[in-house]
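User: I'm new to this structure and would like a close look at one part of it, the helices and how they sit against the sheet. Could you walk me through that in one go?

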Amino acid sequence: MMATARPKAGLRPYLPADAPLLAEIFRASIEELTTEDYSEAQQEAWASAADDVEAFAARLGKELTLVGTLNGSPVGFISLEGPEQIEMFYVHPAAAGQGVGTMLYEAVEKLATARGASKLKVEASDSASGFFENRGFVAQQRNTVLRGDEWLANTTMEKKLAAKGSDA
């Protein structure tokens with residue numbers, strides 16, 4: 001048996017059958033990747049958005065949602081609401097740092113540009129803001145959002161996109 005240096009990453013559209021697994025990725029990502037920035041109570045309030053899997057599935061289904069895979073298994077997802085708002089973007093902690101997030105983000109940026117969006121916006125958690133800064137996003141404003149009984153801080157960030165058809 002040959003060892004592979006990197007598992008094969010792939011990209012595919014979201015399917016309704018993915019919802020339970022994506023809800024688990026959502027929870028695991030929040031629970032393990034945001035501990036430096038958010039309290040346990042804040043994490044629980046945030047992760048509870050996936051408790052109702054049917055509602056979670058409906059939310060993913062009404063947006064353009066892409067699933068990132070490693071060796072065929074879903075390990076992350078990103079959803080684009082409307083032409084320019086990145087709504088949800090989560091990668092399983094076990095797959096963090098393996099390029100899945102970058103692949104998902106780049107696919108959404110290409111799709112948004114192809115659809116004529118002039119910018120991308122995201123409400124980035126404190127844990128994710130560095131990822132977006134590294135891709136040219138600029139902080140616009142700080143926000144506090146209520147999730148259950150907990151207030152969570154995030155930052156509205158924006159990136160100007162090259163016009164469709166330009167080589168910029």
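Analyst: Just after α4, G116 takes a positive phi of about 90 degrees. Please keep in mind as we go that this is a predicted model. The helix that comes before this glycine, α4, covers residues 100–114. With 15 residues at 1.5 Å a residue, α4 should span 21 Å, and its end C-alpha atoms are indeed 21 Å apart, so the two figures agree. Several residues of α4 are buried, among them V100, G101, M103, L104 and Y105. Further along α4, A107, V108, A112 and T113 are buried as well.

A good place to see what meets this part of the chain is F131, which lies in helix α5, residues 129–133. Leaving aside residues up to four places away in sequence, F131 touches F89, G101, T102 and Y105. F131 and T102 are 29 residues apart along the chain, yet their C-alpha atoms are separated by 8.8 Å. Is F131 buried, exposed or partly exposed? Its relative accessibility is 23%, and because buried means under 20%, F131 counts as partly exposed.

Now let us turn to α1, residues 19–33. This helix has 15 residues, so at 1.5 Å a residue it should span 21 Å; its end C-alpha atoms lie 20 Å apart, which agrees. The buried residues of α1 are A19, L22, A23, I25, F26, R27, A28, S29 and I30. What covers them? The cover includes two helices, α2 (40–47) and α3 (53–61), along with the strands β2 (64–70), β3 (73–81) and β4 (85–91).

The meeting of α1 with α3 deserves a closer look. The two helices pack at an angle of about 95 degrees, and their axes are 9 Å apart. Angles of 65 to 115 degrees count as roughly perpendicular, and α1 and α3 are therefore roughly perpendicular to each other. On the α1 side the contact is made by A19, P20, L22, A23 and F26, while α3 brings V53, F56, A57 and L60. By class, this contact has 9 nonpolar residues, with no polar and no charged ones.

Next comes the sheet that these helices meet. It is an open sheet of 7 strands in the order β1-β2-β3-β4-β5-β7-β6, with mixed pairing. At its edges are β1 (9–13) and β6 (138–147), each of which pairs on one side only. On average, neighbouring strands are turned by 25 degrees against each other, direction ignored. Two of the helices lie across it: α3 crosses β2, β3 and β4, running at about 125 degrees to β4, whereas α2 crosses β4, β5 (119–125), β6 and β7 (150–160), at about 65 degrees to β7.

We can follow the sheet inward from the edge strand β1. It pairs with β2 in the antiparallel sense over 5 bridges, and G10 has T69 in β2 as its bridge partner. Of the 7 residues of β2, 6 are buried, so this strand is largely enclosed by the rest of the structure. From β2 to β3 there are 7 bridges, again antiparallel. Opposite L70 you will find S73 of β3, and opposite T65 stands S79 of β3. These two strands form a hairpin with 2 residues between them, and N71 in the turn has a positive phi of about 50 degrees.

The strand β3 is mostly covered, with 7 of its 9 residues buried. It runs antiparallel to β4, joined by 6 bridges; here F77 has Y90 of β4 as its bridge partner. The hairpin of β3 and β4 has 3 residues between the strands, and within it G82 takes a positive phi near 65 degrees.

Terms used. Residues numbered from 1 in each chain as written. Predicted model: local features only at pLDDT ≥ 70, side-chain atom pairs only at ≥ 80, totals over all residues. Heavy atoms only, no water. Helix = DSSP H or I, 4+ residues; strand = E, 2+ residues; numbered from the N terminus. Expected span 1.5 Å × (residues − 1). Buried < 20%, exposed > 50% of the residue type's maximum accessible area, 1.4 Å probe, protein only. Contact = heavy atoms within 4.5 Å. Pairing = 2+ DSSP bridges. Axes fitted to C-alpha atoms, helices over the stretch in contact; angles between N-to-C directions. Parallel < 35°, antiparallel > 145°, perpendicular 65-115°, else oblique. Nonpolar A, V, L, I, M, F, W, Y, C, P; charged D, E, K, R; others polar.
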